[in-house]
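This report describes the architecture of one protein chain, with attention to its charged pairs, its core and one of its helices. The sequence and structure follow.

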Amino acid sequence: MNFISLAVTSDKELQLCFHIRREVFVHEQQVPEQLEIDEFDSSVSVSHHFLLVDSENNNEPVAAARWRLYNNYTAKLQRIAVLSAYRGIGLGKQIIEAMEQDIRKNDHISMIILDAQLQAEAFYTKLGYERESSDTFLDAGIVHIRMIKKIGG
């Protein structure tokens, strides 16, 4: 299998991201759709969306994620979703690394944050993210933690 990371540039590609997110968050995890699609999804210019496609299977979309500016020096990773049939083969890591590479093009960004589902903490720790504090919080009824990664500055 060969998977390619794409920076989303069209509304058609953005709709493919939404399809993956609906499968993972709305159908699997029972997140209400009105919480899943938000103001940062209004167009490809509002957030930096990424799509992972299977190049050996007619460029079938298999994972999606986005990042956005959180403040002047911080990027925030969000909505990281891999279809269930493609989990466990490194695609989450691949799409995060693609976003991190894109973020590093911005010299003023020195930190990346994300709000991880508690059950995914070990995954993000392997990628260099650390818990910001011991606090947990509920987002869409799922326990989350804030994690950070310093990338410069």
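D102 is buried, with a relative accessible area of 16%, where buried denotes under 20% relative accessible area, exposed over 50% and partly exposed the range in between, for a 1.4 Å probe and protein chains only. Its salt-bridge partner K105 is exposed, at 63% relative accessible area. The two side chains meet at 3.6 Å, N to O; a salt bridge is a side-chain nitrogen of Lys or Arg within 4 Å of a carboxyl oxygen of Asp or Glu.

The model is a predicted one, in which local features need pLDDT of at least 70 and side-chain atom pairs count only at pLDDT 80 or more, while totals for chains, interfaces and linings use all residues. Residues are numbered from 1 along each chain as its sequence is written, and side-chain values use heavy atoms, with hydrogens and water left out.

**Charged pairs**

Side chains of opposite charge can pair when their charged atoms come close. A search of the whole structure yields 15 salt bridges. One of them joins the side chains of E36 and R21, at 2.5 Å from N to O. E36 lies in helix α2 (residues 33–36) and R21 in helix α1, so this pair ties together parts 15 residues apart in sequence. Helices (H or I, at least four residues) and strands (E, at least two) are DSSP runs numbered from the N terminus. E36 is buried at a relative accessible area of 3%, and R21 is buried at 1%.

Another salt bridge links R66 and D41, whose closest N and O atoms are 2.7 Å apart. R66 belongs to strand β3 and D41 to the loop between α2 and β2, so the pair ties together parts 25 residues apart in sequence. Both of these residues, R66 and D41, are buried. The three pairs are set out below.

| Salt bridge | N to O distance |
|---|---|
| E36 and R21 | 2.5 Å |
| R66 and D41 | 2.7 Å |
| K105 and D102 | 3.6 Å |

Through shared partners, salt bridges join R21, E36, D38, D41, R66 and R79 into one network.

**Nonpolar core**

In soluble globular proteins, nonpolar side chains tend to be buried together. The largest nonpolar core here has 42 residues, and those with the most contacts inside it are L77, I96, Y124 and Y129. Such a core is a set of buried Ala, Val, Leu, Ile, Met, Phe, Trp, Tyr and Cys residues joined through side-chain atoms within 4.5 Å. At least two residues of this core come from each of α1 (11–28), β2 (48–54), β3 (60–71), β4 (74–82), α3 (91–103), β5 (111–117) and β8 (142–150).

Leaving aside residues up to four places away in sequence, L77 touches R66, W67, I96, M99, I103, I112, I113, L114 and Y129, contact meaning heavy atoms within 4.5 Å. A98, in helix α3, is buried at 13% relative accessible area. With the same sequence neighbours excluded, A98 touches S5 and F50.

**Helix α1**

What does α1 present to the interior? Its buried residues are L14, C17, F18, I20, R21, V24, F25 and V26, and what covers them includes α2, β2, β3, β4 and β5. The helix has 18 residues and reaches 24 Å from its first C-alpha to its last, close to the 26 Å expected, the expected span being 1.5 Å times one less than the number of residues. A kink of about 35° in α1 is centred on R22; the bend at a residue is the angle between axes fitted to the seven residues ending there and the seven starting there.

**Positive phi values**

Most residues other than glycine have a negative phi, and most peptide bonds are trans. Q30, which follows α1, has a positive phi near 60°. N58 likewise has a positive phi, of about 60°, although it is not a glycine; N58 lies in the loop between β2 and β3 and is exposed at 73% relative accessibility. For A140 the phi is near 55°. A140 lies in the loop between β7 (137–139) and β8 and is partly exposed at 29% relative accessibility.

**Overall organisation**

The protein contains four helices and eight strands, running β-α-α-β-β-β-α-β-α-β-β-β from the N terminus on. Buried residues make up 44% of its 153 residues. Along its principal axes, the C-alpha trace spans about 40 × 35 × 30 Å.
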